[in-house]
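The following exercises ask the reader to derive local features from a set of coordinates. Each task is followed by a solution in steps.

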Amino acid sequence: MQSAGTLVSSVLPLTEVLVVADCWQTEPDAEAVIHRAIDAAAEIADADVGEAELAVMLTDDTGIRTLNSNWRGIDKPTNVLSFPALQPTAGAPPDAPRMLGDIAIAYQTTRKEADEEEKPFDHHLSHLAVHGFLHLIGYDHENDDDAEAMEGLEREILAQLGIPDPYADRDPDADRERMD
């Protein structure tokens with residue numbers, strides 16, 4: 001980013017959205033929704049992500065099922081998967097791009113969940129993008145304490161975007177159902 005001939009460092013990651021499934025054509029604003037969600041997450045989360053790169057692949061249930069099976073050994077589709085990048089070793093070139101990793105989001109599962117939960121599609125898509133991004137910067141939900149921390153940050157980021165708490169209707173006594 002340049003301003004008056006001065007190079008200015010960005011606090012936002014460089015996000016590339018790749019649409020690899022035709023079903024996403026029904027959601028022409030998906031790319032803008034994802035950029036907005038990830039930018040908000042980067043501004044609020046306490047992580048050094050400025051000028052780091054990440055890719056978001058918008059796929060279908062078949063594509064994400066393959067990824068889920070190959071990488072996690074779970075042979076079924078899911079809504080979102082995150083693949084944090086390996087960090088460069090000491091011998092890496094100093095000018096090599098800094099990679100955060102990749103996020104994959106499946107259209108059919110995302111659409112089904114939004115419809116079942118009676119949420120606007122763009123709200124649910126924003127939540128999945130934020131969730132995936134938080135995984136890339138080190139958050140997880142493997143235990144209840146970590147899940148509560150991650151969900152609290154998701155709520156804060158989504159509130160900044162004007163999106164209601166996605167966990168508000170969850171039964172507090174029920175087992176926590178986690179995204180992947």
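Helices and strands are here DSSP runs, H or I of at least four residues for helices and E of at least two for strands, numbered from the N terminus. The model is predicted.

**Exercise 1. Locate E118 and E51, and describe their backbone and exposure.**

Solution.
1. E118 is found in the loop between α3 and α4.
2. Its phi is positive, about 55 degrees, although E118 is not a glycine.
3. With a relative accessible area of 73%, E118 is exposed, because the cut-off for that class is over 50%.
4. E51 belongs to the loop between α1 and β4.
5. E51 too is not a glycine, and its phi is positive at about 65 degrees.
6. The relative accessible area of E51 is 40%, so this residue counts as partly exposed.

**Exercise 2. Which residues are linked with R111 in a network of salt bridges?**

Solution.
1. A search of the whole structure yields seven salt bridges.
2. One of the salt bridges joins E27 to R111, with the closest N and O atoms 2.4 Å apart.
3. E27 is in the loop between β3 (14–19) and α1 (30–44), while R111 is in helix α3 (residues 107–116), so this pair ties together parts 84 residues apart in sequence.
4. R111 also meets D115 in a salt bridge, at 3.2 Å from N to O.
5. R111 and D115 are four residues apart in helix α3, which means a separation of about one helical turn.
6. The network of salt bridges therefore links E27, R111 and D115.
7. As for exposure, R111 is partly exposed at a relative accessible area of 23%, and D115 is partly exposed at 45%.

**Exercise 3. How many residues apart are K112 and E116 in helix α3, and are they buried or exposed?**

Solution.
1. Both residues lie in helix α3, four residues apart, or about one turn of the helix.
2. Their side chains form a salt bridge, with an N to O distance of 3.9 Å; the pair qualifies because the cut-off is 4 Å.
3. K112 and E116 are both exposed.

**Exercise 4. Compare the span of helix α2 with its expected value, and describe its sides and its ends.**

Solution.
1. Helix α2 (residues 61–72) has 12 residues, and at 1.5 Å a residue it should span 16 Å, because the expected span takes one less than the number of residues.
2. The end C-alpha atoms of α2 are 15 Å apart, which agrees with the expectation.
3. The buried residues in α2 are D61, I64, L67 and N68.
4. They cover an arc of only 125 degrees around the axis, and therefore lie on the same side of α2.
5. These buried residues pack against β4 (53–59), β5 (80–84), β6 (99–106) and α3.
6. On the face turned away from the buried side, α2 carries the exposed residues T62 and N70.
7. At the start of α2, a side-chain oxygen of D60 comes to within 3.3 Å of the backbone nitrogen of T62.
8. Just after α2, G73 adopts a positive phi of about 70 degrees.

**Exercise 5. Which residues form one aromatic cluster with Y107?**

Solution.
1. A pair of aromatic rings is described by the distance of the centres and the angle of the planes.
2. With ring centres required to lie within 6.5 Å, the count comes to four aromatic pairs.
3. W24 and Y107 make up one of the pairs, with 5.2 Å from centre to centre and 75 degrees between the planes. The pair is edge-to-face, because angles over 60 degrees fall in that class.
4. W24 is in the loop between β3 and α1 and Y107 in helix α3, 83 residues apart, and the pair thus links distant parts of the chain.
5. W24 is buried, with a relative accessible area of 3%, and Y107 is buried at 11%.
6. Y107 and F121 also pair, with centres 5.6 Å apart and 45 degrees between the planes, in a tilted arrangement.
7. This second link joins Y107 in helix α3 to F121 in helix α4 (residues 121–136), 14 residues apart.
8. F121 is buried, as is Y107.
9. W24, Y107 and F121 therefore form one aromatic cluster.

Definitions and conventions. Residues numbered from 1 in each chain as written. Predicted model: local features only at pLDDT ≥ 70, side-chain atom pairs only at ≥ 80, totals over all residues. Heavy atoms only, no water. Buried < 20%, exposed > 50% of the residue type's maximum accessible area, 1.4 Å probe, protein only. Arc of directions from axis to C-beta. Contact = heavy atoms within 4.5 Å. Polar contact = N/O pair within 3.5 Å; in protein donor to acceptor, adjacent residues only side chain to side chain. Phe/Tyr/Trp six-rings, centres within 6.5 Å; stacked < 30°, edge-to-face > 60°.
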